[in-house]
Amino acid sequence: MIGKFQKRYIINKNLSDINPVDFGMFTVPGGYCHSQLNDVYYVYSVVSGTFNITRGEENASLTSGEICIIPPNTQYVWGSDEDDPCKIIWIGFDGAYGKRFERAVGGFVTQYDGPLFREMWSANYRRCREEYIAGTMMQLYCELAERNMPAPVSNHIRNAKDCMEVNYINPTLNVSKVAENVGIDRRYMSRIFKETEGISPQEYLTNLRMGRALELLGMGFSIAEVSTMCGYSSPFHFSTMFKKVNGVSPSKYRTIQKNKQNSEQ
């Protein structure tokens with residue numbers, strides 16, 4: 001059985017980030033097997049059926065809604081089962097985003113059931129086909145990267161700090177809500193925060209509130225006002241935490257500061 005092979009005419013325009021050089025669709029007949037070696041990246045999207053591919057010691061059977069990526073200079077074998085022909089769309093490309101694209105896929109195979117491959121295939125661009133494919137592949141990269149690539153730890157820490165610095169006045173703010181705002185597990189956030197900052201998120205939040213409390217007490221606000229402005233539900237809770245952190249009560253701290261100012265005059 002002979003499969004149906006179609007290609008879109010592509011000019012190598014040497015685009016910088018994603019540069020498409022090959023674009024085609026193939027209805028793979030049952031039992032078909034082909035060995036291939038390319039000097040650019042290839043991404044395969046399965047339209048229907050089961051697509052079998054072997055890359056080194058990795059074997060995968062992809063179905064509709066899955067894609068895979070093959071890096072340059074990698075020998076691989078692909079085809080279909082005898083009783084299960086398939087249809088695939090592929091794009092060959094090079095450019096600065098090749099390695100990033102591979103990381104966004106997550107290695108070899110990933111889920112993707114969006115419309116971008118079908119849209120690229122059906123688009124009627126002539127003069128700007130390559131630019132359109134490059135732009136659409138960049139959109140695909142962004143979708144995959146958002147889903148598959150973990151954000152750097154530094155981003156999580158910065159986002160956690162930002163959340164606490166903006167919302168510390170809210171008495172309901174706690175570590176669980178900070179983690180929820182950042183979008184990561186509370187235990188994971190606590191671990192990476194302690195590893196990076198040397199203190200726990202709760203300690204950071206408490207220090208943030210206490211630092212602000214010292215400023216406000218020095219400005220003459222009452223203990224009740226400072227309690228509210230620093231995110232504590234009651235003056236008693238605030239005073240207890242203040243003494244635990246600073247070794248003296250808020251009223252005692254204020255007296256010490258006043259005496260210090262008087263002695264300096």
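In the predicted model, the face of helix α4 that is turned away from its buried side carries the exposed residues Ser154 and Val166. On the buried side of α4 are found His156, Ile157, Ala160, Lys161, Cys163 and Met164. These buried residues cover an arc of only 160° around the axis, which puts them on the same side of α4. The elements against which the buried residues of α4 pack are α5 (175-182), α6 (186-197) and α7. The length of α4 was also examined: at 1.5 Å a residue, its 15 residues should span 21 Å, and the end C-alpha atoms are 21 Å apart, which agrees.

The packing of α4 with one of these partners can be described further. In general, two packed helices are described by the angle between their axes and the distance between the axes. For α4 (residues 153-167) and α7 (residues 201-218), the axes come within 10 Å and cross at roughly 35°, and the crossing is right-handed. The residues that meet in this contact are Lys161, Met164 and Glu165 from α4 and Pro201, Tyr204, Leu205 and Leu208 from α7. Sorted by character, the residues of the contact of α4 with α7 comprise five that are nonpolar, none that is polar and two that are charged.

A comparable arrangement of buried residues was found in helix α1, which runs over residues 98-105 and in which Gly98, Phe101, Glu102, Ala104 and Val105 are buried. They cover an arc of only 160° around the axis, which puts them on the same side of α1. The buried residues of α1 pack against several strands, namely β4 (41-48), β5 (51-55), β7 (66-70), β9 (86-94) and β10 (109-111), and also against the helix α3 (129-148). Helix α1 is followed by Gly106, the phi of which is positive, near 95°.

A glycine with a positive phi is also found just after helix α9, where Gly247 takes a value of about 85°. The 12 residues of α9 (residues 235-246) should span 16 Å at 1.5 Å a residue, and its end C-alpha atoms are 16 Å apart, which agrees. One of the residues that lie in α9 is Val245, which counts as partly exposed because its relative accessibility is 37%, a value between the limits of 20% for buried and 50% for exposed residues. When residues up to four places away in sequence are not counted, Val245 touches Thr206 and Met210. From Phe93, Val245 is separated by 152 residues in sequence and by 59 Å in space, C-alpha to C-alpha.

Contacts between parts of the chain were next examined around Glu130 and Pro20. Glu130 is found in helix α3 and, with a relative accessible area of 2%, is buried. Once its neighbours within four places in sequence are left aside, Glu130 is in contact with Tyr9, Ile10, Ile11, Lys13, Leu15 and Pro20. Pro20, in turn, is found in strand β2 and is likewise buried, its relative accessible area being 1%. With its neighbours within four places in sequence again left aside, Pro20 is in contact with Ile10, Ile11, Leu15, Gly92, Phe93, Glu130, Ile133 and Ala134. Pro20 and Val40 are 20 residues apart along the chain, and their C-alpha atoms are separated by 9.4 Å.

Positive phi values were also found outside glycine. As a general rule, most residues other than glycine have a negative phi. Asn14, although it is not a glycine, has a positive phi of about 55°; this residue lies in the loop between β1 (4-7) and β2 (19-28). Asn14 is exposed, since its relative accessible area is 61%, and exposure is assigned to values over 50%. The phi of Asn73 is likewise positive, near 60°, in a residue other than glycine. Asn73 lies in the loop between β7 and β8 (76-79) and, with a relative accessible area of 61%, is exposed.

Definitions and conventions: Residues are numbered from 1 along each chain as its sequence is written. This is a predicted model: local features need pLDDT of at least 70, side-chain atom pairs count only at pLDDT 80 or more; totals for chains, interfaces and linings use all residues. Side-chain values use heavy atoms; hydrogens and water are left out. Buried means under 20% relative accessible area, exposed over 50%, partly exposed in between (1.4 Å probe, protein chains only). Helices (H or I, at least four residues) and strands (E, at least two) are DSSP runs, numbered from the N terminus. The arc is that of the directions from the helix axis to the C-beta atoms. Contact means heavy atoms within 4.5 Å. Axes are lines fitted to C-alpha atoms, for helices over the stretch in contact, and angles run from 0 to 180 degrees between N-to-C directions. A crossing is left-handed if the near helix is turned anticlockwise from the far one by less than a right angle, and right-handed if clockwise. Ala, Val, Leu, Ile, Met, Phe, Trp, Tyr, Cys and Pro count as nonpolar, Asp, Glu, Lys and Arg as charged, and the others, Gly among them, as polar. The expected span of a helix is 1.5 Å times one less than its number of residues.
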